[in-house]
Amino acid sequence: MPTDDFDAVVIGAGHNGLVTAAYLARAGMSTLLVEARSSVGGTAASEQFAGATVNICNCDHLTFRTTPVMEELALADHGLDYLEVEPAQHNMTWDSARSARSWSSHHDVEATIDEIAAVAPSDVDGYRRYVKAAMPAVRMIFEAANEPPSITGLTKLALRRRLSGTPALLGWSRRSASDVLRSFFDSEIIRGPGAVTGPMVWGISPESAGSGLGALTHAMRHVAKVGRPVGGSGQVPQTLLASFLAAGGTLRTDTRVTEICCTGERVSGVRLERSGGDADGELVSARNVVSACNPHDTFLRWLKHPPAVADDLVRRWNAVPHADGYESKLDVVLDAVPRLRDSHRSLGPTTIIAPDLASIHRGHELIAGGRVLDEPGLLVNVPTLLDPTMAPAGRHVLSLEALYTPYAVAGGWPDSTEPRRWLEAFAALCEPGLMDSIIDWRAVTPDRYESEFHLPAGHATSFAGGPLAAFRNSNPELTSYETAVGGLYLTGAATFPGAGVWGASGRNCATVVLAR
């Protein structure tokens, strides 16, 4: 076509797709954002359930707040406002919860050490050694995440920081997370929560070789502050959308991509299909296409007639297995505030209820057989305690996220009693009356993430590895954001720096597109 319909098409309006689209539109590119669902945000969104606002995934934001995205896209002008969460997190194991023993992670290191001294005094010195090694590495990762990784860039960063953080970054990346945690801590009440928020959230065993950077999560809360958007996690994608539209961007929801079209060695547009619309699809021409979706769909489903320059790309991704989902979330609307038994700790901040390291490893092994640990890793909070706007007066929302809950659960999810079992197990740790206070509840299990959020097998392919992956990456498009096909780019959880509400991938991808 002599004239393209758009300068760029972005596929997928999750938060990274929204970030990329907003930067392109604000730079003057005519940009079309395409989303298969009826609303934007993906798993970073919030929605209405039983008269309350619930978050699709856990609502704590940390890494997003370390990027310049909020300021550069003027999200505060569009209504984004954060509540500070302090303490950042409560921590316990199943065993310690039954004896009302727990500790809190504060942004302040000394306040955290005071907490540890009360439950695991033998680990105080180990925690001091841990933060001394880990905090510089976390600072380095956060800084490295804000630009497309390269050997030159990472070398300059290390020199600029006088190699601070480099020893831990290099050494821990070769070890398992369990090995790192055991080298600092004797108590499972310190080790377990560190493994839950790292490797267990990533869906890998803490015993996995190379998972050592997953042991950095305790330190992350000392480097950056945990916050929650007023009105729910979905306020981030909503304000990103407002920034995109204010810059002249075009959004089409309820629209699926059926093909990424190519002419010669570069993309020429996409073929679209409206939900319930023309099966033949509509061709939209553009010389730049950014996929914020998983690489398997991008390269193997939609790139139906790849040019010869994509032969290696297609071959590599055909050989990459797609992992199954392993996370589930319960949203429970109640007429009373749940409280942990014999505990002064509020469930406003997220509470980690952790198995011990050996049980976490066993739980990972159980996934292959479709089974769930008797006492799984849980992330629990009552967001309405900090943000009353999320429910009507007299109502509260309990959010319970369970890990290592396999997509192929034995007997299938529709008839599974597992979600109720997790809820009852948590209720047993609370003061009496939690189950009686329930107005309504739902379980969003991996099969629902597949059917409702277009995540194959309920899983979003996630980038594995820190900044060092730029040195040893067999799929370079995951760190360069561009592919062998001219004008075809990739962003999202599968690309550096990875999953979670971070936004750095979307910003980095936009940087690459604009540079080209």
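**Entry 1. Tyr404 and its loop**

I take helices (H or I, at least four residues) and strands (E, at least two) as DSSP runs, numbered from the N terminus. I note at the outset that the model is predicted.

With these elements assigned, I looked up where Tyr404 lies, and found it in the loop between β16 and α15 (418-427). Its phi is positive, about 60 degrees, although Tyr404 is not a glycine. I recorded this because most residues other than glycine have a negative phi. Is Tyr404 buried or exposed? I count Tyr404 as buried because its relative accessible area is 1%, and buried means under 20%.

**Entry 2. Strand β16**

I then turned to strand β16, which comprises residues 396-403. How many of its residues are buried? I find 8 of 8, and I describe the strand as mostly covered.

I next separated the two faces, because in a regular strand the side chains alternate between the two faces of the sheet. On one side I list His396, Leu398, Leu400 and Ala402, and on the other Val397, Ser399, Glu401 and Leu403. Every one of these residues is buried, which leaves both faces of β16 covered.

For the pairing, I traced β16 to two strands. Strand β13 (residues 327-334) runs antiparallel to β16 and is joined to it by 8 bridges. Within the pairing of β16, I located Val332 opposite Leu398. Strand β15 (residues 378-381) also pairs with β16 in the antiparallel sense, over 4 bridges. Here I placed Leu378 opposite Ala402 of β16.

**Entry 3. Arg162**

I looked up Arg162 for its backbone angle: phi is near 55 degrees, a positive value in a residue other than glycine. Arg162 is found in the loop between α6 (151-160) and α7 (166-172). Buried or exposed, then, is Arg162? I class Arg162 as exposed because its relative accessible area is 77%, and the cut-off for exposed is over 50%.

**Entry 4. Cis peptide bonds**

I checked peptide bonds as well, because most peptide bonds are trans. A cis bond joins Glu86 and Pro87, with omega about 0 degrees. I place Pro87 in the loop between β5 (82-84) and β6 (89-93). Another cis bond joins Phe496 and Pro497, with omega about 5 degrees. Pro497 belongs to the loop between β18 (488-490) and α18 (504-515).

**Entry 5. Thr20**

I located Thr20 in helix α1, residues 15-26. I count Thr20 as buried because its relative accessibility is 0%. Which backbone oxygen lies 2.8 Å from a polar atom of the Thr20 side chain? I find that the oxygen belongs to Gly506. Leaving aside residues up to four places away in sequence, I list the contacts of Thr20 as Val290, Thr491, Gly506, Cys509 and Ala510.

**Entry 6. Cavities**

I searched for enclosed space and counted 2 cavities of 30 Å³ or more.

The largest has a volume of about 70 Å³. I list its lining as Met92, Ser96, Ala97, Ala100, Arg101, Ser102, Leu340, Arg341, Ser343 and Leu429. By class, I divide this lining into 5 nonpolar, 3 polar and 2 charged residues.

The second largest cavity holds about 50 Å³ of space. Its lining, as I recorded it, consists of Asn55, Cys59, Leu83, Arg228, Pro229, Gly232, Ser233, Pro383, Leu386, Asp387 and Met390. I sort the lining of the second largest cavity into 6 nonpolar, 3 polar and 2 charged residues.

**Entry 7. The second largest pocket**

I then examined the second largest pocket, for which I noted a volume of about 230 Å³. Which of its 15 lining residues are the closest to its centre? I find Pro355, Asp356, Ser359, Arg362 and Glu375 there.

I also asked which helices contribute. α3 (94-98) and α14 (357-366) each supply at least two residues of the lining. I note that α14 gives the most, with 3 residues. By class, I enter the lining of the second largest pocket as 6 nonpolar, 2 polar and 7 charged residues.

Technical notes: Residues numbered from 1 in each chain as written. Predicted model: local features only at pLDDT ≥ 70, side-chain atom pairs only at ≥ 80, totals over all residues. Heavy atoms only, no water. Buried < 20%, exposed > 50% of the residue type's maximum accessible area, 1.4 Å probe, protein only. Polar contact = N/O pair within 3.5 Å; in protein donor to acceptor, adjacent residues only side chain to side chain. Contact = heavy atoms within 4.5 Å. Pairing = 2+ DSSP bridges. 1 Å grid on protein atoms, 1.4 Å probe; cavity = no way out; pocket = protein on both sides within 12 Å on 5 of 7 lines; lining within 4 Å. Points joined across faces, edges and corners; volume = space filled by probe spheres on them. Nonpolar A, V, L, I, M, F, W, Y, C, P; charged D, E, K, R; others polar.
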